[in-house]
Amino acid sequence: MDIVRTNKSPLWSRKAKVMSVMGLIVVSSLTLFFNHHTSASNLVDKAPLLIDTVRRGELKVTVRGSGVLVPAQIRWITTPVDGRVEQVFKKAGAEVKQGDVLLQLSNPELEEALAQARWELQALEAQTHAEQVALESTLLDQEIAVVDEKLSLERAQLTLAAQEKLLAQGIVAVSKIDFEEVKINVAQYRQRFALEQQRLQKRRVNLAAQLRAGDARLNSLRKRVARIEQQVTGLTVVATMDSIVQAMPLEPGQQIGAGSNLAMLARNDQFFAELRIPESQIKDVQLGQTVTLDTRASQITGTVQRIDPVVSDSAVLVEVSLSGELPKEVRPALSVDGVIEIATIEDTLYVKRPVMASGFSQASLYLLENSGEQAFRRPLTFGHMSSQFIEIEHGAAEGERVILSDTSHWQHAEVRFKQSFASLQ
């Protein structure tokens, strides 16, 4: 039996043709899409990226650090004796003048010791005066004895001279025995007069020695009294200079020991700055370099005066002396930002400092093409580096745009962005 074949519907034929055309279109589109994206090895998001344009001009090489203002003169007030705080007159932050009372201490035992020492001094002064009077009286008695012996010697000498004259004239009224006795008397009086003179000299030496000994005892006791008086006076604690009270850790009723710190004073007209500079940048900092300090309200000019030789917490302490009139907001421990001027380079290429970049080194960074749709990795050679900018010695030209963000996780030499940088601007 013959089977009769029937022709397909024209509608079905048209659908097949349409589907074939659509398939070709899809395949072509996919081919074009993948062909378009094969030129970029990676697709990245542009939103979080930081870029900067390479510029040519003057580059100021600077180093930045943060720190605080420190008074040039700080002084702790201490006490040499034990005491009890009776009253606090000045709190921390108060401005004081030299001689202003800061606080009052009390020590009854010390005050009693002062009274006792004064009584002892008065008694010793009276005793020393009495001893001096007695010694001077003894000295006067000895001077009288010397005068008596001198007169006796002179009388004997007169008698001897008269008898010698009579004997020379042949007058027998004077016997030779009497004459010899007078000669003996003259010799005896001469010796006694010499001995009394020596005794007088000894008395004078003894008087001087006794007076010195008495003065030494008096001076020793006077110094003791003066020391105790000074300690009692020190119970009234006063400011030793025009300053600001930085610390007052005491309260009324508090018992303190000798040598305790009572208050810390700081000069309020002389300051210097302490800046912490990263150890990676400290090699360029030298004494005498100009520093600009920012207090958030004004700027202060200074000079590097000391560089600490020790590295602490990956930073080095740099002291800056201040110059010119200080602004009103300056006070101890005020936070400041400092910029140290290292050098000025004329007519050079520079860009904002990329992440992880360092001076006088090489790094591979991504530079944008003109359209801003792609970026290509390129090796760059850096020169001097400041707190914000870095010099480009080789690898980039003026006007080119450099990606500053960390791109270490990008594994390809060429990247394409989801949206061009041109559309961001």
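**Exercise 1. Decide whether Asn107 is buried or exposed in this predicted model, and place it among its surroundings.**

Solution. Asn107 has a relative accessibility of 10%, and because buried means under 20%, Asn107 counts as buried. The next step is to locate Asn107 along the chain, where it falls in the loop between strand 7 (101–106) and helix 2 (108–169). Finally, when neighbours within four places in sequence are left aside, Asn107 is in contact with Asp82, Gly83 and Leu235.

**Exercise 2. Work out which residues of the largest nonpolar core touch the most other members, and which elements supply this core.**

Solution. The largest nonpolar core holds 28 residues, of which Leu102, Leu103, Leu105, Val237, Met248, Leu262 and Leu265 touch the most other members. At least two residues of this core come from each of strand 5 (83–88), strand 7, helix 2, helix 3 (176–233) and strand 11 (261–266). Helix 2 gives the most, with five residues. Taking Val237 as one of the core members, we find that, residues up to four places away in sequence not being counted, Val237 touches Ile77, Asp100, Val101, Leu102, Leu103, Leu105 and Leu262. Apart from this core lies another, of 20 residues, among them Val63, Leu275, Ile300 and Val318.

**Exercise 3. Compare the span of helix 3 with the value to be expected from its residues, and then list its buried residues.**

Solution. Helix 3 has 58 residues, and at 1.5 Å a residue it should span 86 Å. The C-alpha atoms at its ends are 84 Å apart, which agrees with that expectation. Turning to burial, the buried residues of helix 3 are Phe179, Val182, Val186, Phe193, Glu196, Leu200, Leu207, Gly214, Leu218, Leu221, Val225 and Ile228. Helix 2 is included in what covers these buried residues.

**Exercise 4. Find how many cavities of 30 Å³ or more the whole structure holds, and describe the lining of the largest cavity.**

Solution. A search of the whole structure finds one cavity of 30 Å³ or more, and the volume of the largest cavity is about 40 Å³. The largest cavity is lined by Thr128, Glu131, Gln132, Leu135, Gln210, Leu211 and Gly214. Helix 2 and helix 3 are the elements that give two or more residues to this lining, and the largest share, four residues, comes from helix 2. Gly214, which belongs to the lining, also appears among the buried residues of helix 3.

**Exercise 5. Determine which residues Arg296 touches, and by what polar contacts.**

Solution. Arg296 sits in the loop between strand 13 (290–294) and strand 14, and its relative accessibility of 56% means that Arg296 counts as exposed, the cut-off being over 50%. Not counting residues up to four places away in sequence, Arg296 touches Ser335, Val336 and Asp337. Although Arg296 and Val336 are 40 residues apart along the chain, their C-alpha atoms are separated by 7.5 Å. A polar atom of the Arg296 side chain lies 3.2 Å from the backbone oxygen of Ser335, while a polar contact of 3.4 Å joins the side chains of Arg296 and Asp337.

**Exercise 6. Examine the phi values of Asp313 and Met356, and state where each residue lies.**

Solution. Asp313, which is not a glycine, has a positive phi, near 55 degrees. Asp313 lies in the loop between strand 14 (299–312) and strand 15 (315–323), and it is exposed, with a relative accessible area of 72%. Met356, likewise not a glycine, has a positive phi of about 70 degrees. Met356 is placed in the loop between strand 16 (335–352) and strand 17 (362–368), and at 75% relative accessibility Met356 counts as exposed.

Note on methods:
Residues are numbered from 1 along each chain as its sequence is written. This is a predicted model: local features need pLDDT of at least 70, side-chain atom pairs count only at pLDDT 80 or more; totals for chains, interfaces and linings use all residues. Side-chain values use heavy atoms; hydrogens and water are left out. Buried means under 20% relative accessible area, exposed over 50%, partly exposed in between (1.4 Å probe, protein chains only). Contact means heavy atoms within 4.5 Å. A nonpolar core is a set of buried Ala, Val, Leu, Ile, Met, Phe, Trp, Tyr and Cys residues joined through side-chain atoms within 4.5 Å. A polar contact is a pair of N or O atoms within 3.5 Å; within protein, one must be able to donate a hydrogen and the other to accept it, and residues adjacent in sequence count only if both atoms are side-chain atoms. The expected span of a helix is 1.5 Å times one less than its number of residues. On a 1 Å grid over the protein atoms alone, a cavity is a set of points where a 1.4 Å probe fits but cannot get out, and a pocket is an open set with protein on both sides within 12 Å along at least five of seven lines; lining residues have an atom within 4 Å of a point. Grid points are joined across faces, edges and corners, and a volume is the space filled by probe spheres set on the points.
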